[in-house]
Amino acid sequence: MQAIADFVTWLFNDKMGVLCLIAGGIVICLIIALVMERKTKQRYFNHEKSEDDWSLFGDEDE
């Protein structure tokens with residue numbers, strides 16, 4: 001239990017721990033956004049693209 005307490009203390013009280021916490025949150029949010037974008041693209045695969053549409057992944061069929 002002391003190891004967990006030390007880790008939490010480092011995570012929230014040390015400057016490097018806080019930076020790791022913020023960077024980890026950004027990475028997790030980025031992964032979630034990419035997975036949700038892929039699922040949305042699979043669900044609406046028959047959407048006809050117009051000139052205003054853009055692709056995050058750049059895999060256009062032209």
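Okay, to get us going: which residues does the UniProt annotation "transmembrane region" cover? According to that record, an unreviewed entry, the answer is residues 16–36. Keep in mind that what's on the screen is a predicted model.

So what does the model do with that span? Residues 16–36 come out as 100% helix and 0% strand, and the C-alpha atoms at the two ends sit 30 Å apart.

Zooming out to the whole chain, the secondary structure is two helices and zero strands. H1 takes in residues 2–13, and H2 runs over 15–43. There are 62 residues in the chain, and 5% of them count as buried. The accessible surface adds up to about 6000 Å², with 63% of that belonging to carbon and sulfur atoms.

Now the bit I'd like you to rotate to: the nonpolar patch. About 970 Å² of surface is made by Met1, Ile4, Phe7, Val8, Trp10, Phe12, Met16, Leu19 and Leu21. H1 and H2 each put in at least two residues, but the largest share, five residues, is from H1.

Met16 is a handy one to click on. Met16 belongs to that patch, its place is in H2, and the UniProt "transmembrane region" covers residues 16–36. Its relative accessibility is 49%, so Met16 counts as partly exposed, because exposed has to be over 50%.

Staying with the patch, let's look at Phe7 and Trp10. How many aromatic pairs does the structure have? The count is one. That pair is Phe7 with Trp10, 5.9 Å centre to centre, with 35 degrees between the planes. Why call it tilted? Because stacked needs planes under 30 degrees apart and edge-to-face needs over 60, and 35 falls in the remaining range. Both residues are in H1, three residues apart, which is about one turn of the helix. As for cover, Phe7 has 48% relative accessibility and Trp10 has 32%, so both count as partly exposed.

Last stop, the cysteines. How many disulfides does the structure hold? Zero. Cys20 and Cys29 are worth a look anyway. Is Cys29 buried or exposed? Cys29 is exposed, with a relative accessible area of 53%, because that is over the 50% cut-off. Cys20, at 39%, is partly exposed.

To wrap up: two helices, a nonpolar patch with its largest share from H1, one aromatic pair, and an annotated span, 16–36, that the model draws as 100% helix. Okay, over to you.

Key: Residues numbered from 1 in each chain as written. Predicted model: local features only at pLDDT ≥ 70, side-chain atom pairs only at ≥ 80, totals over all residues. Heavy atoms only, no water. Phe/Tyr/Trp six-rings, centres within 6.5 Å; stacked < 30°, edge-to-face > 60°. Helix = DSSP H or I, 4+ residues; strand = E, 2+ residues; numbered from the N terminus. Buried < 20%, exposed > 50% of the residue type's maximum accessible area, 1.4 Å probe, protein only. Patch = residues over 30% accessible without salt bridge, like charges linked within 9 Å, V, L, I, M, F, W, Y side chains within 5 Å. Areas by Shrake-Rupley, 256 points an atom, 1.4 Å probe, with all protein chains shown as cover. Salt bridge = Lys/Arg side-chain N within 4 Å of Asp/Glu carboxyl O. UniProt positions renumbered as here; feature names shortened; annotations may be inferred. Disulfide = S-S within 2.5 Å.
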